[in-house]
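User: Please take a close look at one part of this model. I would like to see how the hairpin and its surroundings are put together.

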Amino acid sequence: MGRGRVQLKRIENKISRQVTFSKRRTGLLKKAHEISVLCDADVALIVFSTKGKLFEYSTHSSMETILERYERYSYAEKLLTAPETETQASWTLESSKLKARIEVLEKNIRHYVGEELEQLNLRELQNVEQQIETALKRIRTKKNQVMHESISELHKKERALQERNNSLSKKLKENEKNVEQQNSTQPYTVPSFGTSSSGPFIGAAMREEELAQTNTAPTTIMPLWMIRHINQ
């Protein structure tokens, strides 16, 4: 025979009620995790005990993200269905929600930096630890990506500079080779000695030659009868 159907009503015995709450809470959290993994769904579960103690579960997208989506969806639905007379009341309700949302975010920030951890139980501490580890993984992944991109960019610049250096070295060698070829093919010119006054030895030789010609020129003697004729 199978188990009989449990009648759903409040358990009067305090100890039995606490034991049942603990068992059902564990099963509920397990079912929430299973549906999130099997169906790839975003799940947020919030449970408050009779003493006001909070128990929660959320997928990797975090509780805050899911609640924000829920608030946007709920607010949009209310705007479509609510009459204009309730607009002011909806704004007041939205303002109070935003304030509560801000308080939750500020409390989570304090938890993330290691403050006010005394009020958290083991489950809540594990949730904070998981969210911090997820954030660290994303940060490290982004850091590695930026580092690889920077290194790749530096390699590109290095290759460009090396190619430019090789090109300049090649041009310099070609210029040196052309200069050597021009120097080797240019003929050697022997200086010519002209009759310019800049050559003192050659000028002096020419002047001596002129004087010699003048001194050696034959002296013309007139005949005597011509001299007599002139005197007459």
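**The hairpin and its surroundings**

Analyst: Start with Leu29. Beyond its neighbours within four places in sequence, Leu29 contacts Leu45, Glu56 and Tyr57. Bear in mind that this is a predicted model.

Two of those contacts also face each other across the hairpin: Leu45 has Tyr57 in β2 as its bridge partner. The strands themselves are β1, residues 44-48, and β2, residues 54-58. They pair antiparallel, over 5 bridges. Between them sit 5 residues. Gly52 in this hairpin adopts a positive phi near 85 degrees.

Now the packing. The largest nonpolar core has 7 residues: Leu29, Ala32, Val43, Leu45, Val47, Phe55 and Tyr57. Helix α1 (14-39), β1 and β2 each give at least two residues to this core. Leu29, Leu45 and Tyr57 are thus core members as well as contact partners. In a regular strand, side chains alternate between the two faces of the sheet. Leu45 and Val47 are in the core list, and so are Phe55 and Tyr57.

Next, Asn121. This residue lies in the loop between α3 (87-112) and α4 (122-185). Setting aside residues up to four places away in sequence, Asn121 touches Lys53, Leu54 and Phe55. Phe55 belongs to the core described above. Is Asn121 buried or exposed? Asn121 counts as buried because its relative accessibility is 14%, and the cut-off for buried is under 20%.

Asn121 also caps the N-terminal end of α4. A side-chain oxygen of Asn121 is 3.3 Å from the backbone nitrogen of Arg123.

Follow α4 from there. Its buried residues include Glu124, Asn127, Val128 and Gln131. How far apart are the end C-alpha atoms of α4? They are 94 Å apart. That agrees with the expected span, because 64 residues at 1.5 Å a residue should also give 94 Å.

Finally, the setting. The chain has 6 helices and 2 strands. From the N terminus, the order is α-β-β-α-α-α-α-α. Of its 232 residues, 13% are buried. About 20900 Å² is exposed, with 58% of that supplied by carbon and sulfur atoms. Among contacts between residues at least 6 apart in sequence, 34% join residues at least 24 apart.

Conventions: Residues numbered from 1 in each chain as written. Predicted model: local features only at pLDDT ≥ 70, side-chain atom pairs only at ≥ 80, totals over all residues. Heavy atoms only, no water. Helix = DSSP H or I, 4+ residues; strand = E, 2+ residues; numbered from the N terminus. Buried < 20%, exposed > 50% of the residue type's maximum accessible area, 1.4 Å probe, protein only. Contact = heavy atoms within 4.5 Å. Areas by Shrake-Rupley, 256 points an atom, 1.4 Å probe, with all protein chains shown as cover. Pairing = 2+ DSSP bridges. Core = buried A, V, L, I, M, F, W, Y, C linked by side-chain atoms within 4.5 Å. Expected span 1.5 Å × (residues − 1). Polar contact = N/O pair within 3.5 Å; in protein donor to acceptor, adjacent residues only side chain to side chain.
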